[in-house]
Amino acid sequence: MDPILKVGDYVDARWSVPNGKEYPWFPGTIIGIKPNKGHYIVRFEEDDEIYELLAKHVRKSTDYDFPKHVRFLPLSVGDKVEARWRHADGNKKWYKGTVMNIHPNGKCAILYDDGDFEPFVLRKNIRGKEVTADGWKYDWAGGGR
């Protein structure tokens, strides 16, 4: 098991089936660890499904664009933000939009400026207001730092 991974980490994970086929990597969050079995418990971000996975099927996510040690400030309905449209499908571009709803699980509904709507966007895929450990404040949709 990777000693660096801990509960709350964003990861890429996949599962396999008895015939040995391995599925592609999908983003998720570690919500539990069973070190005696060599397993991580991962909640996948696309569908909120939870799986117990072998350690070899879980790796630290490298798809994270924020500076290290960023602290997300709370968002509010009506905030202007930038978000990744359909990030789970591989899109890496940021688009301007507005927070329309904040769900209890922290995901946000975003109405993009071009009229597209996405009901469940992870907070890590939304650039709104953040503060780094060194005190830099970012307001992405409002013009930078």
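Here are three short exercises on a hairpin, some aromatic pairs and a charge over a ring, each with a worked solution.

Before you start: this is a predicted model, where local features need pLDDT of at least 70, side-chain atom pairs count only at pLDDT 80 or more, and totals for chains, interfaces and linings use all residues. Residues are numbered from 1 along each chain as its sequence is written, and side-chain values use heavy atoms, with hydrogens and water left out.

**Exercise 1.** Work out how strand 9 and strand 10 are joined, and where Leu111 fits in.

Step 1. Strands here are DSSP runs (E, at least two residues), numbered from the N terminus. Two of them pair if DSSP finds at least two bridges between them.

Step 2. Strand 9 (residues 108-112) and strand 10 (residues 117-121) run antiparallel, with three bridges joining them.

Step 3. Look at the turn: four residues sit between the strands of this hairpin, and Gly115 takes a positive phi near 100°.

Step 4. Now find Leu111 in strand 9; its bridge partner in strand 10 is Phe117.

Step 5. Leu111 has a relative accessible area of 32%, so call it partly exposed (buried is under 20%, exposed over 50%, partly exposed in between; 1.4 Å probe, protein chains only).

**Exercise 2.** Go through the aromatic pairs and say which parts of the chain Trp85 and Tyr112 tie together.

Step 1. A pair of aromatic rings is described by the distance of the centres and the angle of the planes. Rings of Phe, Tyr and Trp (its six-membered ring) pair if their centres lie within 6.5 Å; planes under 30 degrees apart are stacked, over 60 edge-to-face, and the rest tilted.

Step 2. By that rule you get three aromatic pairs. One of them is Phe44 with Tyr51, edge-to-face at 5.7 Å centre to centre and 75° between the planes. Phe44 is buried at 4% relative accessibility, while Tyr51 is partly exposed at 33%.

Step 3. Trp85 and Tyr112 are also edge-to-face, with 5.5 Å between centres and 90° between planes. Trp85 lies in the loop between strand 7 (80-84) and strand 8 (94-102) and Tyr112 in strand 9, so the pair ties together parts 27 residues apart in sequence.

Step 4. Check the cover: Trp85 is partly exposed at 24%, but Tyr112 is buried at 4%.

Step 5. Add Tyr95, and ring pairs link Trp85, Tyr95 and Tyr112 into a cluster.

**Exercise 3.** Find the ring that the charged end of Arg127 sits over.

Step 1. The test is NZ of Lys or CZ of Arg within 6 Å of the ring centre and within 35 degrees of the ring normal.

Step 2. The ring is that of Trp94, with the charged end of Arg127 4.1 Å from its centre.
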